[in-house]
Amino acid sequence: MNRRSSFKKILSVAAAGILSPEILASNQFSLINKKAATSGPLYLFTKVLQWLPLGEIPDTVKSLGFDGIDLPVRKNGFFDKDEIKSKLPGIVSASENLKLSRPVLTTDMNVYQMNEMDEFLRMLAGEGIRDYRMGYLSFTSKDILEELKTLNVSMRKLADLHEKHGVNGHYQNHAGKRVGGSVWEIHHLLDGIQPEHIGIQFDLRHATVEGYQSHENAYRLIADKIRSFDLKDFVWGNPEGKGDKPVNVPMGEGHVNFNLLKDHPGFKGKLPKILHVEYDLGGAEHGNSKPSASKSTILSAIKKDVDVCLSLMS
């Protein structure tokens, strides 16, 4: 695509109300140039777009500058696993037509649904889905290491199913008390498992919150198990007057040192980089179907984050 045709495309997107004139004037040519120089693929975790009809998601994601869709397929997502056969094929087909990468799914599925996993993975493989995020696990006792050993046995059996169907499960580290709040817990959880079967969706924001001064060590520990990256930012704040806590902010405005990821071969290579837009956008950040923020406000905010992501990936 040449500069003139790129400009015409941007004008058409702006006319449709997706971009504000200010963004159009300030940074779109730099964004295009960065896009050409990046390795990709860059995905959008589309929870922030759950106020849109499902059928509009592929075109919207494409127009915002992404390479693919991370689609919530769970109880509070666009649809649940029971509707995969009826709703996923249309998203896959639209992605193909727009030359987007194959979708990544975000699900609730894990060892707790072991009796459903074979059919679930068969459906994903049938649609060419190779990557999905697994549901979180919870500790049920105070004996953390012993429970992780038990869960590891189940995860190994689950990894065999993933190998059978050629699907890669990704377990995300997420700050809090569930399994994987500490990156070290995932190190034990996935011990002895090939990352091509079940790997890690590495979230540097959450790793930084839980290991503010030691997150680099945690990253080095599991770097070879990473199969996707979550991109989001935060600052420490006290918005409710109840003590400091992490407050999500737009990309590049917080404490996350994304330069740490640049030495990972997958970050500038083929592994999915997934933007999570989780700062205040009138409820859209929580998957609200009727956010108080306007369409233009939400989409303009996402577009600014895309620009930062492309800079990181270039």
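Visitor: In this predicted model, which residue of strand 7 does D203 stand opposite?
Guide: Strand 7 covers residues 226-231. It pairs with strand 6 in the parallel sense, over four bridges. Opposite D203 in strand 7 stands D230.

Visitor: What is the bridge partner of Q172 in strand 6?
Guide: Strand 5 runs over residues 168-172. Strand 5 and strand 6 pair in the parallel sense over four bridges. In strand 6, the partner of Q172 is Q201.

Visitor: Through which helix does the chain cross from strand 5 to strand 6?
Guide: The connection is a β-α-β crossover. Its hand is right-handed. The helix on the way spans residues 183-189 and is helix 7.

Visitor: Why is strand 6 described as largely enclosed by the rest of the structure?
Guide: Strand 6 spans residues 198-203. A residue counts as buried under 20% relative accessible area. Strand 6 is largely enclosed because the number of its six residues that are buried is six.

Visitor: Is L151 buried or exposed?
Guide: L151 lies in helix 6, residues 144-165. The cut-off for buried is under 20% relative accessible area. L151 has 10%, so it is buried.

Visitor: Which residues does L151 touch, not counting those up to four places away in sequence?
Guide: One of them is L189, 38 residues along the chain from L151. The C-alpha atoms of L151 and L189 are separated by 6.5 Å. The full set is V111, L137, V179 and L189.

Visitor: How much space lies in the second largest pocket, and which residues are closest to its centre?
Guide: The second largest pocket holds about 410 Å³ of space. Its lining counts 21 residues. Closest to the centre are K47, H174, N248, E278 and H286.

Visitor: Which strand gives the most to the lining of the second largest pocket?
Guide: Helix 8 (204-210) and strand 9 (245-249) each supply at least two residues of that lining. The top contribution is four residues. It comes from strand 9.

Visitor: What share of the residues of the protein chain count as buried?
Guide: The protein chain has 10 helices and 10 strands. Its accessible surface comes to about 14,200 Å², with 50% belonging to carbon and sulfur atoms. Of its 314 residues, the buried share is 53%.

Visitor: Among contacts with a separation of 6 or more, what share comes from residues 24 or more positions apart?
Guide: Take the contacts in the protein chain with a separation of 6 or more. Then keep the pairs 24 or more positions apart. Their share is 74%.

Notes: Residues numbered from 1 in each chain as written. Predicted model: local features only at pLDDT ≥ 70, side-chain atom pairs only at ≥ 80, totals over all residues. Heavy atoms only, no water. Buried < 20%, exposed > 50% of the residue type's maximum accessible area, 1.4 Å probe, protein only. Contact = heavy atoms within 4.5 Å. Areas by Shrake-Rupley, 256 points an atom, 1.4 Å probe, with all protein chains shown as cover. Pairing = 2+ DSSP bridges. Right-handed = clockwise from strand over helix to strand, strands pointing away. 1 Å grid on protein atoms, 1.4 Å probe; cavity = no way out; pocket = protein on both sides within 12 Å on 5 of 7 lines; lining within 4 Å. Points joined across faces, edges and corners; volume = space filled by probe spheres on them.
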